Amino acid sequence: MLKLFPMLSSGCKMVALLGRPRKMLKDSATTGTIFGYRKGRVSLAIQEDTRQMPVFLIELPMLASALNKEMASDIVRIALESETKSNKKKLLEEFVWAVYCNGRKVGYSIRRKQMSDDELHVMQHLRGVSMGAGVLPTSSDHKDCDGEMTYMRARFERVVGSKDSEAFYMINPDSTAQGPELSIFFLRPH
C-alpha cells in the first residue's frame, strides 16, 4: 500500500505536509475600516496590521446615510485626490484631499495625525477583527451621540500604480457571495 502512495512512505514527509501553515489572505492585503455614527459622518482608516495604529485616517465629507445609499448600488468607488503637490512625501502622508464618491465630488477632508476618542474607541474594539460589519457599543461618555456607531471592515488588495497613485480593491473572501464592491483610489496630480 505504501508503494501506491509514495509520499506516505516517509513519516517525515507526512508531518511536513500536515504541519505546513496555510495563508488564507494575501501578504499584500491591507485592512480598511469605514465607520461612523448612523446620523454622522464616516471615517476611513487603513491599517497594515489590525493591532497597530492606522497608517491613514480621514473623516470623509459624507454622512453614513449617503454612503449606505451608494452601497445599495453594489459598486462604490471612493477617490481621494490630493490638493497638495509635494513629491517629498509619500502619497498617503498628504494632508488635504478632495473626495469623490462614484464620480461625484462630495467635498474636502484633512488627514488626521491624531485619533479622536471615538476613533480610538473603534480601533481598540476592532483589534481582533479582520473583516465584518456591525454596530459597536458606544462609550459611556458618548451616550447621546448621533445614533449607533456602525462599521464595515474588510481586507483590501493594495496596488501601487506609481508614487502618485494607489488603489485599494476590496477582497471578497467568498467568490460566490453577492455584496457591494468597494474600491478606494488615492491620486496626486503632477
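Here is a walk through the ring pairs, one buried threonine and the salt bridges of this predicted model.

Some ground rules come before the tour. Residues are numbered from 1 along each chain as its sequence is written, and side-chain values rest on heavy atoms, with hydrogens and water left out. Because the model is predicted, local features need pLDDT of at least 70 and side-chain atom pairs count only at pLDDT 80 or more, while totals for chains, interfaces and linings use all residues.

Let's start with the aromatic rings. Rings of Phe, Tyr and Trp (its six-membered ring) pair if their centres lie within 6.5 Å; planes under 30 degrees apart are called stacked, over 60 edge-to-face, and the rest tilted. By that rule there are five aromatic pairs. Take Phe56 and Trp97: their ring centres are 5.8 Å apart and their planes sit at 85°, so this pair is edge-to-face. Phe56 belongs to strand S3 (residues 56–63) and Trp97 to strand S5 (residues 96–101), so the pair ties together parts that are 41 residues apart in sequence. Helices (H or I, at least four residues) and strands (E, at least two) are DSSP runs, numbered from the N terminus.

Are these two rings buried or exposed? Both Phe56 and Trp97 are buried, which means under 20% relative accessible area; exposed is over 50%, and partly exposed lies in between (1.4 Å probe, protein chains only).

Phe56 also pairs edge-to-face with Phe186, at 5.0 Å centre to centre and 80° between the planes. That pair links distant parts of the chain, with Phe56 in strand S3 and Phe186 in strand S10 (residues 181–187), 130 residues apart. Phe186 is buried, just as Phe56 is. Step back a little, and ring pairs link Phe56, Trp97, Phe168 and Phe186 into a cluster.

Phe168 turns up again when you look at Thr30, a residue of strand S1 (residues 29–37). Thr30 is buried, with a relative accessible area of 1%. What does Thr30 touch, leaving aside its neighbours within four places in sequence? Its contacts (heavy atoms within 4.5 Å) include Glu48, Arg158 and Phe168.

Two of those names bring us to the salt bridges, where a side-chain nitrogen of Lys or Arg is within 4 Å of a carboxyl oxygen of Asp or Glu. The structure holds 10 of these salt bridges. In one of them, the side chains of Arg158 and Glu48 meet at 2.7 Å, N to O. The pair joins distant parts of the chain: Arg158 is in strand S8 (residues 149–162) and Glu48 in the loop between strand S2 (41–47) and S3, 110 residues apart. Arg158 is partly exposed at 26% relative accessible area, and Glu48 is partly exposed at 38%.

Next comes Glu70 with Arg104, whose closest N and O atoms are 2.1 Å apart. Here Glu70 sits in helix H2 (residues 64–71) and Arg104 in strand S6 (residues 104–110), 34 residues apart. Glu70 counts as buried at 14% relative accessibility, whereas Arg104 counts as partly exposed at 46%.

Our last stop is the salt bridge between Arg188 and Glu94 (2.7 Å, N to O). Arg188 lies in the segment after S10 and Glu94 in the loop between strand S4 (75–82) and S5, 94 residues apart. Arg188 counts as buried at 4% relative accessibility, and Glu94 is buried with a relative accessible area of 0%.
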